[in-house]
Amino acid sequence: MGKEQLQDFFRQKSQKQSDVNWQARLDEYLRALSSLHAEILNLLAAPRGEGLMKADAETIRVNDKFVGPYDATVLVLRVGDERVEFVPKGMNIVGAAGRVDLVGEMGQRMLVVQPGARWGLVASRTPTLKVMPLDEDSLLDALRSVMRQ
Amino acid sequence: MKRVSLSGLEKTVQQVWDWYEVQSTISSQCKGRVIESIRRGTPAPYPSLDGLSLDEVDDFFDELDDAAMLDLMAAAEAAIRLDYLDRVYKRRKDPLSRAFRRLYQHQGNGVGLEEHILASWKAEAHDAPTRSAIGDFSGALNLRHWLAHGRYYEPRLGHDYSPLDIYSMVVDLLSSLGILLQPQTVEGK
């Protein structure tokens, strides 16, 4: 009796597991991450061109539950001795398909993937998530809020 | 000296624990729905959690444990203080009650739980289990103070506590001190 119940228990569990294609979700998140980096570098083309700041890529290990650890790219912006990072927080995010945190000395801001693989900057998280499109103005506002005054 | 005006609204340790068990079950079900929404990529059932990572979802739901631990220790404190007042007001003749009356004459209603009441209990306790129960509870009071004061400083905790640890600890303590776990009646007015 107990043996059959155990078998049924794991059969049901197994069926529930198999209906999510985690590899496809991960591929999608990593593609969205590359597209975010390209978008940011495009927005920063002028200051980079003038040599006012530098952009580098570093790799971190992200421990996302359900898919296990994977490598992802951190975009690092440097101005003199100050740096800000766009740190991947993973794809298991409530109400979004992925998240990146913009981390500076003075604080951090959130970016989330919205439907259509569009990235947005979180203006406020509660009582409901308010997201602004990522453009020159919102990026400038975010950088000002996390970098030294 | 003016007596403490008692509310009669204190909760027993058991009442807090029963509340926690029910809330914990409900909370686990809610958390399960949030995690399922992440797995499915569907809208979350609670918009205020949008944007949180799984670790942050864990932290959010773990708040119940902290609230329960604070409430358990507060219920224990109420039971210990009510016992203290009962011994003072009824003018009992045992050594601890006499010590409490002396304390009351000096400290009035500003008597401290750790430095006065528990210290008196410890001085009068002659068996190792009671002294150990008092010591364990006193150690956990660092957690109580940290939670009660808004966690703005780095706590000095000997180890991590779970609600079950705190529940077992306060039941041990109150049993060792011979303080009833049920609501008490104190002549306070």
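In this predicted model, the helix α2(B) has 36 residues and covers 53 Å between its first and last C-alpha, close to the 52 Å expected at 1.5 Å a residue. The helix α2(B) nevertheless has a bend of about 30 degrees, located at B:F61. After α2(B) comes B:R91, a residue with a positive phi near 50 degrees. For context, most residues other than glycine have a negative phi.

The rest of chain B can be described briefly. Its secondary structure consists of six helices and zero strands, and the order of elements from the N terminus is α-α-α-α-α-α. The C-alpha trace of chain B spans about 70 × 35 × 30 Å along its principal axes.

Attention now turns to the interface. The size of an interface is often given as the accessible area lost when the parts come together. For chain B and chain A, the buried area is about 1600 Å², with 52% of it on carbon and sulfur atoms. On the chain B side 18 residues take part in the contact, and on the chain A side 19 residues do so.

Polar and charged interactions across this interface were also counted. Two salt bridges link chain B and chain A. In one of them, the side chain of B:E56 meets that of A:R99, with an N to O distance of 2.6 Å. Polar contacts between chain B and chain A amount to ten residue pairs, both residues being at pLDDT 80 or more. On chain B, the side that touches chain A draws at least two residues from each of α1 (13–40) and α2 (54–89). The largest share of that side, five residues, is supplied by α1(B). Sorted by class, the side of chain B that touches chain A holds nine nonpolar, four polar and five charged residues.

Beyond the interface, the salt bridge count over all chains comes to 24. Among them is the pair A:D81 and A:R148, whose closest N and O atoms are 3.0 Å apart. Here A:D81 sits in the loop between β2 (68–79) and β3 (82–90) of chain A, while A:R148 belongs to the segment after α4 (136–146) of chain A, so the salt bridge ties together parts that are 67 residues apart in sequence.

Two backbone features in the loops of chain A round off the description. The first concerns a peptide bond, and most peptide bonds are trans. Between A:T126 and A:P127, however, the peptide bond is cis, and its omega is near 0 degrees. The residue A:P127 is part of the loop between β6 (118–124) and β7 (130–133) of chain A. The second feature is at A:F66, a residue other than glycine that has a positive phi, near 80 degrees. The loop that holds A:F66 runs between β1 (54–64) and β2 of chain A.

Key: Residues are numbered from 1 along each chain as its sequence is written. Chains are lettered from A and ligands numbered from 1 in the order in which they are written. Side-chain values use heavy atoms; hydrogens and water are left out. Contact means heavy atoms within 4.5 Å. Buried area is the accessible area (1.4 Å probe) that two parts lose on being put together, summed over both. A salt bridge is a side-chain nitrogen of Lys or Arg within 4 Å of a carboxyl oxygen of Asp or Glu. A polar contact is a pair of N or O atoms within 3.5 Å; within protein, one must be able to donate a hydrogen and the other to accept it, and residues adjacent in sequence count only if both atoms are side-chain atoms. Helices (H or I, at least four residues) and strands (E, at least two) are DSSP runs, numbered from the N terminus. Ala, Val, Leu, Ile, Met, Phe, Trp, Tyr, Cys and Pro count as nonpolar, Asp, Glu, Lys and Arg as charged, and the others, Gly among them, as polar. The expected span of a helix is 1.5 Å times one less than its number of residues. The bend at a residue is the angle between axes fitted to the seven residues ending there and the seven starting there.
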